[in-house]
Amino acid sequence: MKGVSTTDLLNTAPCGFMSFREDGKVELVNETLLAMLGYEREELVGRHVEQILAVGSRIFYQTHWFPLLRLQGLVEEIFLLLRSRTGEDIGVLVNGRRREREGGAAYDCILIRVRERARYEEELLRARRAAERAHEELEIQKRELEQANRRLHRQSLELQAATEDLRRANDALVARTTEAEHLRIAADEANQAKSKFLAEMSHELRTPLNAIAGYVQLLEMGIHGPVTEAQLGALDRIGRNQAHLLRLINDVLDLTRIEAGRIDYAIEEVPIAEVIAAVTPMIAPQLEEKRLVFEASVPPALAVRADREKVEQILLNLLGNAVKFTHAGGRVSIEVLPTDDTEGRLRLHVRDTGIGIPREMLAVIFEPFVQVDETRTAGPAQGSGLGLAISRDLAWGMGGDLTAESAPAQGSTFTLVLPLAGSAPGGPPASA
Ligand code: ADP
């Protein structure tokens, strides 16, 4: 190497270099190290190497580093803190090698400054702490997740149990519905059998009853010979009872037909005044007999959509009852009003000042064969308890209704509701 001496090279090397003896006294030190520490050469050469070590590194030097270097002859990449002339700590990585020579060993060291190391270490430490914190948080979150998971599992079990309960309840419901359906079918069948039986029986009974009426008439006319007064009286009673029985049978037949849905309705536009005019003459004799005041207030030009004959039948029944259950001198009236609602229906009230109906009976008088008290009227033409049942069924069949208001000794009001003509026909209300 011409022109450049080894000493020059050593002095310009990009790392510190020094050599010290067995006793720790510095023999050689290059410019780079001197510059790093701020010493002059004379200030270090011949001094103990510990002069340039920070306190911690001095102890480390004595207990580990130098004994190891002496023993192994080579120690590499050891971090030491140097102390500069001004007291500043400077971190270096040191490689040391033992060199044998005459008059005792020498120890050559190169020292590479590690400016960034401390910063890296700190950052590493910070990163590690952050990682630890993140880990802790993760642990916490994991525990929370586990708890949530356990809760969810519990809830899922509860849900399963609830679902199971629901399924069982549903099964029970299905079973009960099926049972109810079977019962309903059985009841329907029984009802149909009853209707069929009643219809057939009624029909069978009417034939001999008509024969009885025929023979009574023949006897009354004297066709089979002269009849005494007493016999005439008896024939009259036979005739009236026959008529009553026939009415009863006809009512039963009517009801069974309605209940079996075997009744046809000839729906047309029926002026309500015409119906009233047709019916009132039929009850005039009874009204007169009991000296009852009768009044009808009907706005003209009101018409319903209904079966004329059936409205007459209902009205006759209501008026008949009003007369039957009102004492002599009382009052019977008819009042017709269109409803003030938007349904387009008409209300026909049949009022009387008669004996009235106890509250608890109001609900049941529309049931077949129900009579409040059979002893309340006198006379041979006692009812059957079918009139109101038939009348309400007929009203329902025409999309109307029949209701009653009454109190004992306060008279009664029966209200027939029917669709007004010109309005859309409505369906029958639900059965009570
Ligand atoms: P009935 O043939 O007995 O008149 P209905 O079905 O027409 O049968 O009437 C049932 C019962 O309702 C009657 O027996 C009577 O007790 C009661 N009832 C009906 N209308 C009146 C009324 N206007 N006043 C008092 N009670 C009445």
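**Figure 1. Strand 9 and strand 10 pair in the antiparallel sense.** In this predicted model, 7 bridges link strand 9 (residues 331-338) to strand 10 (residues 345-352). Within the pair, Val332 lies opposite Asp352 of strand 10.

**Figure 2. The open sheet has 5 strands with mixed pairing.** The strand order is 7-9-10-12-11. Strand 7 (293-297) and strand 11 (401-406) are the edge strands, each pairing on one side only. On average, neighbouring strands of the sheet are turned by 15° against each other, direction ignored. Helix 8 (residues 308-324) packs on this sheet and touches strand 7, strand 9, strand 10, strand 11 and strand 12 (412-419). The direction of helix 8 makes about 25° with that of strand 10. Helix 10 (residues 387-397) also packs on the sheet, where it touches strand 11 and strand 12. The direction of helix 10 makes about 135° with that of strand 11.

**Figure 3. Helix 8 and helix 10 cross at roughly 145°.** Their axes come within 10 Å, and the crossing is left-handed. Helix 8 contributes Lys310, Gln313, Ile314, Asn317, Leu318 and Asn321 to the contact. From helix 10, the contact residues are Gly387, Leu388, Ile390, Ser391, Leu394 and Ala395.

**Figure 4. Helix 4 (residues 55-72) bends by about 55° at Tyr61.** The helix has 18 residues. From first C-alpha to last, helix 4 reaches 24 Å, close to the 26 Å expected at 1.5 Å a residue. Tyr61, the site of the bend, is buried, as are Ser57, Trp65, Phe66 and Leu69 of the helix. Among the elements covering these buried residues are strand 1 (16-21), strand 3 (74-83), strand 4 (89-99) and strand 5 (106-113). Gly73 follows helix 4 and has a positive phi, near 85°.

**Figure 5. Strand 3 and strand 4 form a hairpin with 5 residues between the strands.** The two strands run antiparallel and are joined by 8 bridges. Arg83 has Asp89 of strand 4 as its bridge partner. Gly87 in this hairpin takes a positive phi near 90°.

**Figure 6. Strand 4 and strand 5 form a hairpin with 6 residues between them.** Strand 4 is joined to strand 5 by 8 bridges, and the strands run antiparallel. Opposite Val92 stands Arg113 of strand 5. In the turn, Gly103 has a positive phi of about 80°. Both strands of this hairpin are among the elements that cover the buried residues of helix 4.

Note on methods: Residues numbered from 1 in each chain as written. Predicted model: local features only at pLDDT ≥ 70, side-chain atom pairs only at ≥ 80, totals over all residues. Heavy atoms only, no water. Pairing = 2+ DSSP bridges. Helix = DSSP H or I, 4+ residues; strand = E, 2+ residues; numbered from the N terminus. Axes fitted to C-alpha atoms, helices over the stretch in contact; angles between N-to-C directions. Contact = heavy atoms within 4.5 Å. Expected span 1.5 Å × (residues − 1). Bend = angle between axes of the 7 residues up to and from the residue. Buried < 20%, exposed > 50% of the residue type's maximum accessible area, 1.4 Å probe, protein only. Left-handed = near helix turned anticlockwise from the far one by under 90°.
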